[in-house]
Amino acid sequence: MRVGLFIPCYVDQLYPQVAIATLHLLEKYGCDVDYPADQTCCGQPMANSGFEHLTQGCNDLFIKNFAAYDYIVCPSGSCTLHIKDHLHGDADIPKKIYELVEFLTDILKVENIEASFPHKVGLHQSCHGQRGLKLAQMTELMAPPFSKPEQLLKMVKGIQLIDLARKDECCGFGGTFCVAEAAVSVKMGKDRVADHLHHGAEYITGADMSCLMHLEGILRRQKSPVQVKHIAEILDSKE
Amino acid sequence: MSKQDHAALADEFNKDEPRVDWHDQTLWFVREKRDKAAQKVPEWEWLRDTASKIKDNVLSNLSEYLTLFEEQAIRNGIVVHWAADAKAHNDIVYSLLKKHGIDRMVKSKSMLTEECHLNEYLKEQGIDVVDTDLGERVVQLAGEPPSHIVLPCIHKKKEEIGEIFHEHLGTPAGNADPQFLTHAARLHLREKFLTRRAALTGVNFAIAETGEFVVCTNEGNADMGAHLADIHIACMGIEKLIPQRKHLGIFLRLLTRSATGQPITTYSSHFKRPRPGQEMHIVIVDNGRSVQLGRKDFRNSLKCIRCAACFNTCPVYRRSGGHSYHTAVAGPIGSILSPNLDMKQYSDLPFASTLCGSCSNVCPVKIDIHEQLYKWRQVIVQEGYAPAGKKLAMKAMNWVLSNPSVYHTAGKAGRWFMLNAPFTVNNGLNPWWKGRDMPEVPRESFGQWYKKNRK
């Protein structure tokens, strides 16, 4: 199958190792992966700020870059959800775009991951992945629990997933919210970090690098030795 | 927009971090109580779904149900008044009091009267209004609006309430014992109930089929007021209707579990006809609701039954406080209702959210709150209420992201600056940096790596 790799703009620029790990994983499971060089952004930063009407350029560029692939895979729940909900002009793309975790569990049906990561890890459930793409059951609903990220992480050798007091509270990143409402955003992030630290996390992971970038900023400001790692990095790690 | 927007007021609220922690934990406790109560109901999701569909039916047939309700209420001996807006509502209430020569009134909880600023209006006319819900009485004595629609004084600590009672009710200074203070309030309110000839209540549900209405309280204060007064005035928005009595059970089972985690309110009182010698009035208020009904994307907001589950679950509300929303109904639901009332004044509220979606999923009537927040953002920008600086920034960002070559150059330049001149970003002008360090900058982007390592 031909997979178009969609790497969010900030991951491309700031976290290339996350994109490399994603590429490795897809190749490892036999996908014919291609990274269209002219891709930029899904348009979400403008759209969530109320400027969806400006995003025609990003929209058309996305179609031009990705329309030809069987599947489009992206290591971000938030960007994936934005394309699913708001892309217009191509009816197929929203149906064939997948966030990495769900692509591994639902399409590739991965049952075995040759990775080891002998550390205590806290899983941050990013809202758009969880509530938007339904990567995991949310605590608001009275429905059976499941978690696709956990399903994959549990296959990693040596990993110890920690419990959290609030297992699906938002970290406060929220796109431009993180600067427009900086006080609340930082406080939400500090509270998330505290929950992970309190339960002994050595690493915080998740399926969205934007939330992790925000939490990382807080950890570093606190001079904490705890690090963030995108779930792709853990699934691709051999320690 | 009002003098200070949500972000500025929230910034102020966050200057006292231990207080933010206390506020957050208090409301999270209520959210968890809601979870426990809902878990005990196996058909919870069915109840939500059904309630949502009943409200769909109500909104699609609102004029018929309103007419039927009016007809039945009149048959029951209730006087029905129609108010197009807040001013008409306030005038009707005042004219009823004036007609009877009444200058003192008790009032149980009604967010509609907060929305219409009835208390302020009546005060100007020389009418003394006493709020009889304990939490509302506390904020009324403090000279503040409620910060939460179910728990009006949730932002106050018991010591602060002790001080307010000491000042206004003469309780001993320094006494902050909740039981003692509640007893003091009870004695204080008992005198008001016994001496007031008029009582105003809200309406939780109005039943079209029977012309009766249901008022839910935990303190029985609506009943105390209404049963003792010569004239009972009940005020309701046009959206409070449910078609038939048999639908009430669905909503009563959802309302209090969602609100406080109780199975049901202590009092769910049905008012159908005035007792002999009493006058009963209903004021049915539009105040922008029919405009909202006409907004296809936002009409579902009128399903709201005012349980405040979306407040308690909202991570932003818990950390910014109800007053940061500078409107009668705060929280996520207030952020989608208020722009309909005044788009300019409340243009900041749809942005006071991370769009995490928790609100839509606790909502007992399944209002797509976070999707409406997104849609309001688009409307507010299109109608010209976005700040000029933001417009420029968005246009610039969009230009970069719509042009691959510009994006690649800008990415390189940005990383170069962060690597070689970190002071350009690590300073107080950068709102990210104020509370967070910047990410470590890689030498090359993934795009550059890919070119070298693949193909």
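The following exercises, each with a worked solution, concern a predicted two-chain model.

Residues are numbered from 1 along each chain as its sequence is written, while chains are lettered from A and ligands numbered from 1 in the order in which they are written. Because the model is predicted, local features need pLDDT of at least 70 and side-chain atom pairs count only at pLDDT 80 or more, whereas totals for chains, interfaces and linings use all residues.

**Exercise 1. Determine how many residues each chain gives to the contact of chain A with chain B, and which helix of chain A gives the largest share.**

Step 1. Two residues are in contact if their C-beta atoms, placed from the backbone, lie within 7 Å. Chain A supplies 59 residues and chain B supplies 59 residues.

Step 2. Helices (H or I, at least four residues) and strands (E, at least two) are DSSP runs, numbered from the N terminus. Among the elements of chain A that give two or more residues are helix 1 (9–14), helix 2 (16–28) and helix 12 (209–221). Helix 12 of chain A gives the largest share, 7 residues.

Step 3. The side of chain A that touches chain B has 34 nonpolar, 14 polar and 11 charged residues. In this classification Ala, Val, Leu, Ile, Met, Phe, Trp, Tyr, Cys and Pro are nonpolar, Asp, Glu, Lys and Arg are charged, and the others, Gly among them, are polar.

**Exercise 2. Establish which residues of helix 22 of chain B are buried, and what covers them.**

Step 1. A residue is buried if 20 or more other C-beta atoms lie within 10 Å of its own, exposed if 12 or fewer, and partly exposed in between; C-beta atoms are placed from the backbone. In helix 22 (residues 446–453) of chain B, this holds for Phe446(B), Gly447(B) and Tyr450(B).

Step 2. These residues lie on the same side of helix 22 of chain B because they cover an arc of only 100 degrees around the axis. The arc is that of the directions from the helix axis to the C-beta atoms.

Step 3. Their cover includes helix 1 and helix 2 of chain A, together with helix 20 (404–420) of chain B.

Step 4. Just after helix 22 of chain B, Lys455(B) has a positive phi of about 60 degrees.

**Exercise 3. Describe how helix 16 and helix 18 of chain B cross, and which residues make the contact.**

Step 1. The axes of helix 16 (residues 331–341) and helix 18 (residues 369–382) of chain B come within 10 Å and cross at roughly 35 degrees. Axes are lines fitted to C-alpha atoms, for helices over the stretch in contact, and angles run from 0 to 180 degrees between N-to-C directions.

Step 2. Helix 16 of chain B contributes Pro332(B), Ile333(B), Ser335(B), Ile336(B) and Pro339(B), and helix 18 of chain B contributes Ile369(B), Gln372(B), Leu373(B), Trp376(B) and Ile380(B). By class, this contact has 8 nonpolar, 2 polar and no charged residues.

**Exercise 4. Are Ala308(B) and Leu355(B) buried or exposed?**

Step 1. Ala308(B) is in the loop between helix 13 (289–294) and helix 14 (309–313) of chain B, and its phi is near 70 degrees, a positive value in a residue other than glycine. Ala308(B) is buried, with 31 other C-beta atoms within 10 Å.

Step 2. Leu355(B) lies in the loop between helix 16 and helix 17 (358–362) of chain B, with phi near 60 degrees. Leu355(B) is buried, with 25 other C-beta atoms within 10 Å.
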